[in-house]
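Okay, thanks for coming, everyone. Let me put the model up, and then I'll walk through the sheet and what packs around it.

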Amino acid sequence: MIDAETRLQLLGDLWEKWRNCDRCGLCKPVGRPRRHVVFGGGNPCARLMIVGEAPGEEEDIHGEPFWPTAASGDLLDKFLASFDITREDVFIVNVVGCRPTRDDDPRKNRPPAADEIAACKERLDRIVEIVDPYVLLLLGDVAKSAMTRERKSVTALARDPDIPAVKAYTRGQSLEVERQAVVTFHPAYLARNFDMSTGSDTHLVYLAFEKAVALVRAYEHLYFNAPMPAREDT
């Protein structure tokens, strides 16, 4: 097992490699400056990794994914708190590290393009390899498409009452690695459609978080006989 100090060093080295990335057009967006490559952050020994789509305006300004005072970040924190978990217990990352905006209106976000996702995949795969989580919680269609081979839409998976676990794939240094994943709606969607009634999309996202946490705790019990969260290797 790699200890926390080594993981932090490896993540720091990776950050130095990517902090001034110019592999795609997101490094020079039309009509505005790029402020930060939003690398990712959290517990380097996290058993649960949360994968979103791309930074928004607040994330670009502050350099942190799912900035706490942004609508998506606030909802993410509330979902985590429901299970007595904080950002310090998980690792949070996006599929792409730079904010995609529309050329005709740089104030408005857009989904990342295929070439932008491909340009950033090496960073994402390496982060997953270093942190080595048991479970990935994939938020939104971009994360689902980038990390799984699921043909079902994110809506179909998120609204499945069984909250199915799916397979996510990342490229290690020599081999492809398969991990358990749960797919659900992105908090940005919920911010526009918030409804906590039973059976609502918001309630289904809560159940997806619950499923992901339960899977992590099952692995913890199986391998370490210890509850979540685990901040250090044992």
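First, how the elements are named: helices (H or I, at least four residues) and strands (E, at least two) are DSSP runs, numbered from the N terminus. Keep in mind that this is a predicted model: local features need pLDDT of at least 70 and side-chain atom pairs count only at pLDDT 80 or more, while totals for chains, interfaces and linings use all residues. Residues are numbered from 1 along each chain as its sequence is written, and side-chain values use heavy atoms, with hydrogens and water left out.

So, the sheet. Strands of a sheet pair through backbone hydrogen bonds, either parallel or antiparallel. Here, two strands pair if DSSP finds at least two bridges between them. What is the strand order in this open sheet? Reading across its 6 strands, you get β1-β3-β2-β4-β6-β5, and the pairing is mixed. At the edges sit β1 (41-42) and β5 (165-171), each pairing on one side only.

Helix α4, residues 114-131, packs on that sheet, and it touches β2 (48-52), β3 (91-94), β5 and β6. Contact, by the way, means heavy atoms within 4.5 Å. The direction of α4 makes about 170 degrees with that of β3. For that number, axes are lines fitted to C-alpha atoms, for helices over the stretch in contact, and angles run from 0 to 180 degrees between N-to-C directions.

Now zoom in on β4, residues 135-139. On one side, β2 and β4 run parallel and are joined by 4 bridges, with L48 opposite V135. Strand β4 also runs parallel to β6 (residues 176-184), through 5 bridges. In that pairing, V135 has Q180 as its bridge partner, L137 stands opposite V182, and L139 stands opposite T184.

Is β4 mostly covered or mostly open? Covered: 5 of its 5 residues are buried. The cut-offs are these: buried is under 20% relative accessible area, exposed is over 50%, and partly exposed is in between, with a 1.4 Å probe and protein chains only. Both faces of β4 are covered, with V135, L137 and L139 on one side and L136 and L138 on the other.

Moving along to β5 and β6, these two are antiparallel over 7 bridges, and a hairpin of 4 residues links them. One bridge pair to click on is A168 with R179 in β6.

Next, the helices, starting with α1, residues 4-18. Its 15 residues should span 21 Å at 1.5 Å a residue, and its end C-alpha atoms are 21 Å apart, so the two agree. That expected span is 1.5 Å times one less than the number of residues. Which residues of α1 are buried? They are A4, R7, L11, L14 and W18. Looking down the axis, the buried residues of α1 fall within an arc of 85 degrees, so they line one face of the helix. The arc is taken from the directions from the helix axis to the C-beta atoms. As a reminder, an α-helix has 3.6 residues a turn, so residues three or four places apart point the same way. What the buried residues of α1 pack against is β3 and α4.

Helix α3, residues 71-81, buries S72, G73, L75, L76, F79 and L80. These cover an arc of only 165 degrees around the axis, which puts them on the same side of α3. Among the elements covering them are β2, β3, β4, α7 (187-192) and α8.

That brings us to α8, residues 201-223, where you'll find A208. With a relative accessible area of 1%, A208 is buried. Not counting residues up to four places away in sequence, A208 touches L137, I163, V182 and T184. Its C-alpha is 12 Å from that of V166, with their positions 42 residues apart in sequence.

R217 is in α8 too, but R217 is partly exposed, at 33%. Its side chain reaches the backbone oxygen of F83 at 3.4 Å. A polar contact here is a pair of N or O atoms within 3.5 Å; within protein, one must be able to donate a hydrogen and the other to accept it, and residues adjacent in sequence count only if both atoms are side-chain atoms.

Last stop: N43, in the loop between β1 and β2. N43 is buried, at 6%, and a polar atom of its side chain lies 2.9 Å from the backbone nitrogen of C45.
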